[in-house]
Amino acid sequence: MTGVQRRLQLMDISRQLFSSRGVDGTTIEEIARSAGVSKPIVYEHFGSKEALYMEVVTNEYRELLARITESLSGEDTSRVLLEKAALAILTYIEDNTAGFRILVRDAPPSEPGGTYATLLSKVTEQVEEILADEFAQRGFSSEDSSIYAQMLVGMVAMTAQWWLDARVPDKRTVAAHVVNLAWYGLTGLRKEPGLRDS
């Protein structure tokens with residue numbers, strides 16, 4: 001193998017091991033044995049288990065963020081953008097189950113808040129911009145778009161984590177249900193909501 005091929009192989013093997021055992025439950029020795037190389041080869045490519053883990057996490061983070069960002073761009077209606085974003089997350093989980101498990105399970109030492117939380121914050125900013133436009137068209141305060149973006153992204157994120165293991169129903173059905181709740185909830189919003197217990 002070339003150096004690049006070996007590096008990619010080590011990352012792929014590490015992704016699977018980190019996914020099933022976590023970063024603390026995985027050793028460099030296991031990674032090396034699974035790759036059919038010696039431990040020094042792994043250290044030569046990455047320096048440490050933590051550096052290898054960070055590279056795996058960073059690649060997964062970038063891939064998921066790119067998919068979601070792409071789904072939220074374009075001239076589609078707000079509802080279609082929401083559909084695309086929900087489907088993008090579920091498709092990523094389907095294509096990269098091990099990577100998603102890593103993102104939601106172990107926070108890298110350099111990011112104690114977690115990379116998944118960081119990713120969701122970036123996505124929330126994009127959703128907030130979309131909702132601000134939607135709210136303005138409906139005569140709502142654009143300032144409220146921030147809290148609704150948090151709720152919307154939270155709903156999709158939690159559903160995605162549930163679907164990671166459930167896998168039933170299929171991703172298109174799950175995305176349709178998420179959009180159904182979010183969209184029809186949005187169309188029935190009151191401009192000044194209040195609680196009934198006061």
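The dialogue below goes through an annotated domain, one loop residue and one helix pair in a predicted model.

User: Which residues does UniProt give for the feature "domain: HTH tetR-type", and how much helix and strand does the chain have there?

Analyst: An annotation of this kind comes from a record and may be inferred rather than shown by experiment. Here the unreviewed UniProt entry places "domain: HTH tetR-type" at residues 4-64; over that range the chain is 82% helix and 0% strand, with the end C-alpha atoms 23 Å apart.

User: Where is Thr27 placed, and is Thr27 buried, partly exposed or exposed?

Analyst: Partly exposed is the class between under 20% relative accessible area, which is buried, and over 50%, which is exposed. Thr27 lies in the loop between α1 (3-21) and α2 (28-35), and because its relative accessibility is 37%, Thr27 counts as partly exposed. The C-alpha atom of Thr27 is separated by 9.4 Å from that of Ser14, a residue 13 positions away along the chain.

User: How should I read the crossing of α1 and α2, and which residues make the contact?

Analyst: An angle that is neither roughly parallel, roughly antiparallel nor roughly perpendicular counts as oblique. In this model the axes of α1 and α2 come within 9 Å and cross at roughly 125°, which makes α1 oblique to α2. The crossing of α1 and α2 is right-handed. The contact is made by Arg6, Gln9, Leu10, Ile13, Ser14, Leu17, Phe18 and Arg21 of α1, together with Glu30, Ile31, Ser34 and Ala35 of α2.

User: How many residues of each class does the contact of α1 with α2 have?

Analyst: Sorted by class, the contact of α1 with α2 has six nonpolar, three polar and three charged residues.

How values were computed
Residues numbered from 1 in each chain as written. Predicted model: local features only at pLDDT ≥ 70, side-chain atom pairs only at ≥ 80, totals over all residues. Heavy atoms only, no water. Helix = DSSP H or I, 4+ residues; strand = E, 2+ residues; numbered from the N terminus. Buried < 20%, exposed > 50% of the residue type's maximum accessible area, 1.4 Å probe, protein only. Axes fitted to C-alpha atoms, helices over the stretch in contact; angles between N-to-C directions. Parallel < 35°, antiparallel > 145°, perpendicular 65-115°, else oblique. Left-handed = near helix turned anticlockwise from the far one by under 90°. Contact = heavy atoms within 4.5 Å. Nonpolar A, V, L, I, M, F, W, Y, C, P; charged D, E, K, R; others polar.
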